[in-house]
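Subject: A structure for you to explore

Hi there,

Here is the structure I promised to pass on to you. Please open it next to this email and follow along as you read.

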Amino acid sequence: MPLEPLLPLFHRLNREHFEGALCQGHQPLLALRWSDGRLRRTAGLYRRGPAVAPPFGREIVLSRPLLDPLPREATESTLCHEMIHAWVDLVLKREEGHGPCFRHRMETINAAQTRFEVSVRHCFPVPQSSPRWIAICPQCGHQTPYRRRMRQAACRLCCDRLHGGRWNASCLLRYEPAAELS
(Lines give C-alpha, C1' and ligand atoms only; values in the text may rest on other atoms or scores of the structure.)
Protein backbone atom coordinates (compact mmCIF):
# COMPACT_ATOMS: atom_id res chain seq x y z
CA MET A 1 0.00 0.00 0.00
CA PRO A 2 1.48 3.41 -0.88
CA LEU A 3 2.25 5.68 2.03
CA GLU A 4 -0.45 8.18 2.81
CA PRO A 5 -0.24 11.68 4.25
CA LEU A 6 -0.04 11.44 8.05
CA LEU A 7 -1.78 14.72 8.95
CA PRO A 8 -5.38 13.63 8.09
CA LEU A 9 -4.86 10.34 9.94
CA PHE A 10 -3.38 12.22 12.91
CA HIS A 11 -6.40 14.57 13.06
CA ARG A 12 -8.87 11.67 12.92
CA LEU A 13 -7.10 9.71 15.68
CA ASN A 14 -6.74 12.89 17.76
CA ARG A 15 -10.52 13.49 17.56
CA GLU A 16 -11.48 9.86 18.16
CA HIS A 17 -9.10 8.92 20.97
CA PHE A 18 -7.52 12.05 22.48
CA GLU A 19 -10.46 14.51 22.62
CA GLY A 20 -8.51 16.85 20.33
CA ALA A 21 -5.89 17.44 23.04
CA LEU A 22 -2.91 17.11 20.69
CA CYS A 23 -3.92 20.19 18.69
CA GLN A 24 -4.38 23.85 19.45
CA GLY A 25 -7.19 24.85 17.14
CA HIS A 26 -6.37 22.97 13.94
CA GLN A 27 -2.60 23.13 14.50
CA PRO A 28 -0.90 19.98 15.89
CA LEU A 29 1.30 20.54 18.94
CA LEU A 30 4.09 18.52 17.31
CA ALA A 31 5.68 17.81 13.96
CA LEU A 32 4.69 14.67 12.09
CA ARG A 33 6.65 12.98 9.30
CA TRP A 34 7.67 9.81 7.54
CA SER A 35 11.30 8.82 8.05
CA ASP A 36 13.82 9.53 5.33
CA GLY A 37 14.58 5.81 5.11
CA ARG A 38 17.05 5.51 7.99
CA LEU A 39 14.52 4.32 10.61
CA ARG A 40 14.74 0.57 9.98
CA ARG A 41 14.57 -1.14 13.37
CA THR A 42 11.51 0.51 14.89
CA ALA A 43 8.14 1.32 13.35
CA GLY A 44 7.95 4.78 14.89
CA LEU A 45 9.13 7.08 17.62
CA TYR A 46 8.12 10.16 19.60
CA ARG A 47 10.93 12.48 20.54
CA ARG A 48 11.36 15.88 22.10
CA GLY A 49 14.10 18.38 22.73
CA PRO A 50 15.20 21.91 21.86
CA ALA A 51 16.76 20.81 18.54
CA VAL A 52 13.85 18.58 17.50
CA ALA A 53 11.61 19.82 14.67
CA PRO A 54 11.81 23.58 15.30
CA PRO A 55 9.69 25.41 16.37
CA PHE A 56 7.73 22.52 17.95
CA GLY A 57 10.50 20.85 19.93
CA ARG A 58 8.75 17.48 19.54
CA GLU A 59 7.84 15.14 16.71
CA ILE A 60 6.47 11.78 15.70
CA VAL A 61 8.43 9.93 13.04
CA LEU A 62 7.09 6.79 11.34
CA SER A 63 9.32 4.31 9.51
CA ARG A 64 8.88 4.41 5.75
CA PRO A 65 10.84 1.14 5.15
CA LEU A 66 8.92 -0.89 7.75
CA LEU A 67 5.38 0.42 7.27
CA ASP A 68 5.30 0.90 3.48
CA PRO A 69 4.73 -2.80 2.63
CA LEU A 70 2.25 -3.37 5.48
CA PRO A 71 -1.53 -2.78 5.59
CA ARG A 72 -2.97 0.57 6.69
CA GLU A 73 -3.81 -0.85 10.15
CA ALA A 74 -0.07 -1.07 10.90
CA THR A 75 0.33 2.65 10.21
CA GLU A 76 -2.74 3.50 12.32
CA SER A 77 -1.54 1.34 15.20
CA THR A 78 1.99 2.78 15.11
CA LEU A 79 0.81 6.39 14.83
CA CYS A 80 -1.67 5.91 17.67
CA HIS A 81 1.08 4.31 19.82
CA GLU A 82 3.31 7.35 19.30
CA MET A 83 0.38 9.71 19.88
CA ILE A 84 -0.12 8.08 23.30
CA HIS A 85 3.51 8.94 24.12
CA ALA A 86 2.86 12.54 23.01
CA TRP A 87 -0.38 12.68 25.03
CA VAL A 88 1.35 11.45 28.20
CA ASP A 89 4.10 14.03 27.68
CA LEU A 90 2.11 17.07 26.51
CA VAL A 91 -1.25 16.63 28.24
CA LEU A 92 -0.46 14.70 31.42
CA LYS A 93 3.01 16.32 31.69
CA ARG A 94 4.56 13.03 32.80
CA GLU A 95 7.79 11.37 31.83
CA GLU A 96 7.19 7.68 31.41
CA GLY A 97 7.87 5.16 28.69
CA HIS A 98 5.25 2.44 28.61
CA GLY A 99 4.13 3.04 32.18
CA PRO A 100 0.68 3.00 33.78
CA CYS A 101 -0.67 6.13 32.04
CA PHE A 102 0.46 4.83 28.65
CA ARG A 103 -1.01 1.38 29.26
CA HIS A 104 -4.32 2.73 30.54
CA ARG A 105 -4.79 4.92 27.45
CA MET A 106 -3.76 2.03 25.20
CA GLU A 107 -6.34 -0.27 26.80
CA THR A 108 -9.03 2.43 26.52
CA ILE A 109 -8.32 2.90 22.80
CA ASN A 110 -8.28 -0.85 22.12
CA ALA A 111 -11.60 -1.28 23.93
CA ALA A 112 -13.22 1.60 22.00
CA GLN A 113 -12.53 0.33 18.46
CA THR A 114 -11.67 -2.76 16.39
CA ARG A 115 -9.92 -1.28 13.29
CA PHE A 116 -6.44 -1.81 14.73
CA GLU A 117 -4.79 -2.79 17.99
CA VAL A 118 -2.29 -0.62 19.83
CA SER A 119 0.41 -2.61 21.61
CA VAL A 120 3.53 -1.87 23.60
CA ARG A 121 5.65 -3.87 21.15
CA HIS A 122 4.81 -4.41 17.49
CA CYS A 123 5.34 -7.72 15.73
CA PHE A 124 6.17 -6.26 12.33
CA PRO A 125 8.71 -8.10 10.17
CA VAL A 126 12.06 -6.44 10.83
CA PRO A 127 15.17 -7.71 9.06
CA GLN A 128 17.53 -9.17 11.63
CA SER A 129 21.22 -8.45 11.64
CA SER A 130 23.91 -10.36 13.45
CA PRO A 131 25.00 -8.98 16.81
CA ARG A 132 28.30 -7.12 16.74
CA TRP A 133 28.99 -7.55 20.46
CA ILE A 134 28.57 -10.14 23.20
CA ALA A 135 28.04 -8.65 26.67
CA ILE A 136 29.43 -10.79 29.46
CA CYS A 137 28.61 -10.40 33.15
CA PRO A 138 31.78 -10.58 35.28
CA GLN A 139 29.82 -12.04 38.21
CA CYS A 140 27.75 -14.86 36.69
CA GLY A 141 29.29 -15.15 33.21
CA HIS A 142 25.92 -14.82 31.43
CA GLN A 143 26.36 -13.78 27.79
CA THR A 144 23.91 -11.60 25.82
CA PRO A 145 24.20 -10.52 22.17
CA TYR A 146 24.04 -6.76 21.41
CA ARG A 147 24.11 -4.77 18.18
CA ARG A 148 25.86 -1.89 19.95
CA ARG A 149 27.68 -1.37 23.23
CA MET A 150 25.63 0.22 26.01
CA ARG A 151 27.46 2.50 28.41
CA GLN A 152 27.11 1.68 32.10
CA ALA A 153 24.94 -1.41 31.41
CA ALA A 154 25.01 -3.95 34.23
CA CYS A 155 23.67 -7.48 34.67
CA ARG A 156 20.17 -7.07 36.11
CA LEU A 157 20.11 -10.56 37.59
CA CYS A 158 23.35 -10.03 39.53
CA CYS A 159 22.34 -6.51 40.64
CA ASP A 160 19.07 -7.98 41.94
CA ARG A 161 20.72 -11.00 43.57
CA LEU A 162 23.83 -9.36 45.01
CA HIS A 163 22.91 -5.71 45.56
CA GLY A 164 19.20 -5.59 46.42
CA GLY A 165 18.16 -4.50 42.92
CA ARG A 166 20.46 -1.49 42.80
CA TRP A 167 22.94 -0.87 40.00
CA ASN A 168 26.49 -1.73 41.02
CA ALA A 169 29.75 -1.26 39.14
CA SER A 170 30.84 -4.82 40.02
CA CYS A 171 28.12 -6.06 37.64
CA LEU A 172 29.12 -3.86 34.65
CA LEU A 173 28.94 -5.83 31.43
CA ARG A 174 32.16 -6.46 29.51
CA TYR A 175 31.86 -6.39 25.73
CA GLU A 176 33.72 -8.57 23.29
CA PRO A 177 33.29 -8.61 19.50
CA ALA A 178 30.80 -11.32 18.57
CA ALA A 179 33.02 -12.79 15.83
CA GLU A 180 35.82 -13.60 18.33
CA LEU A 181 33.55 -15.74 20.51
CA SER A 182 32.13 -17.84 17.66
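Below is a short tour of what I found, starting with the whole chain and ending with two single residues.

Please keep in mind that this is a predicted model.

**The whole chain**

The chain contains six helices and eight strands. If you walk along the sequence, you will meet them in the order α-β-β-β-β-β-α-α-α-β-β-α-β-α. The C-alpha trace spans about 55 × 35 × 35 Å along its principal axes. Of the 182 residues in the chain, 41% are buried. Among contacts with a separation of 6 or more, 56% link residues that are 24 or more positions apart.

**How helix α3 packs**

Two packed helices are described by the angle between their axes and the distance between the axes. Let's try that on two pairs.

Start with helix α1 (residues 6-18) and helix α3 (residues 72-90), whose axes come within 10 Å and cross at roughly 60 degrees. Angles from 35 up to 65 degrees fall in the oblique range, and α1 and α3 are therefore oblique to each other. Their crossing is right-handed. On the α1 side, the residues that meet α3 are Leu-6, Leu-9, Phe-10, Arg-12, Leu-13, Asn-14 and Phe-18. Their partners in α3 include Leu-79, Met-83, Ile-84 and Trp-87. Sorted by class, this contact has ten nonpolar, two polar and three charged residues.

Next, look at α3 with α4, which pack at an angle of about 135 degrees with their axes 10 Å apart. These two helices are therefore oblique to each other as well, and α3 passes α4 in a right-handed crossing. From α3, the contact uses Cys-80, His-81, Ile-84, His-85, Trp-87 and Val-88, while α4 brings Cys-101, Phe-102, Arg-105, Met-106 and Ile-109. By class, that is eight nonpolar, two polar and one charged residues.

**The nonpolar cores**

In soluble globular proteins, nonpolar side chains tend to be buried together. Which members of the largest nonpolar core touch the most other members? They are Phe-18, Leu-22, Leu-79, Met-83 and Ile-84, out of 31 residues in that core. The elements giving two or more residues to this core are α1, β5 (58-62), α3 and α4 (100-112). The largest share, nine residues, comes from α3. Apart from this core lies another one of ten residues, among them Cys-155, Cys-158, Cys-171 and Tyr-175.

Leu-22 is a nice residue to click on. Setting aside neighbours within four places in sequence, Leu-22 is in contact with ten residues you can look for, including Phe-10, Pro-28, Met-83, Trp-87 and Leu-90.

**Two residues to compare**

His-85 sits in helix α3. Is this residue buried or exposed? His-85 has a relative accessible area of 15%, so it counts as buried. Beyond its neighbours within four places in sequence, His-85 is in contact with Tyr-46, Gly-97, His-98 and Phe-102.

Ala-21 is in the loop between α1 and β1 (23-24). With a relative accessible area of 26%, Ala-21 is partly exposed. Not counting residues up to four places away in sequence, Ala-21 touches Asn-14, Leu-29, Trp-87 and Val-91. The C-alpha atoms of Ala-21 and Pro-55 are separated by 19 Å, and these residues are 34 residues apart along the chain.

Have fun looking around!

Best wishes

Terms used
Residues numbered from 1 in each chain as written. Predicted model: local features only at pLDDT ≥ 70, side-chain atom pairs only at ≥ 80, totals over all residues. Heavy atoms only, no water. Axes fitted to C-alpha atoms, helices over the stretch in contact; angles between N-to-C directions. Helix = DSSP H or I, 4+ residues; strand = E, 2+ residues; numbered from the N terminus. Parallel < 35°, antiparallel > 145°, perpendicular 65-115°, else oblique. Left-handed = near helix turned anticlockwise from the far one by under 90°. Contact = heavy atoms within 4.5 Å. Nonpolar A, V, L, I, M, F, W, Y, C, P; charged D, E, K, R; others polar. Core = buried A, V, L, I, M, F, W, Y, C linked by side-chain atoms within 4.5 Å. Buried < 20%, exposed > 50% of the residue type's maximum accessible area, 1.4 Å probe, protein only.
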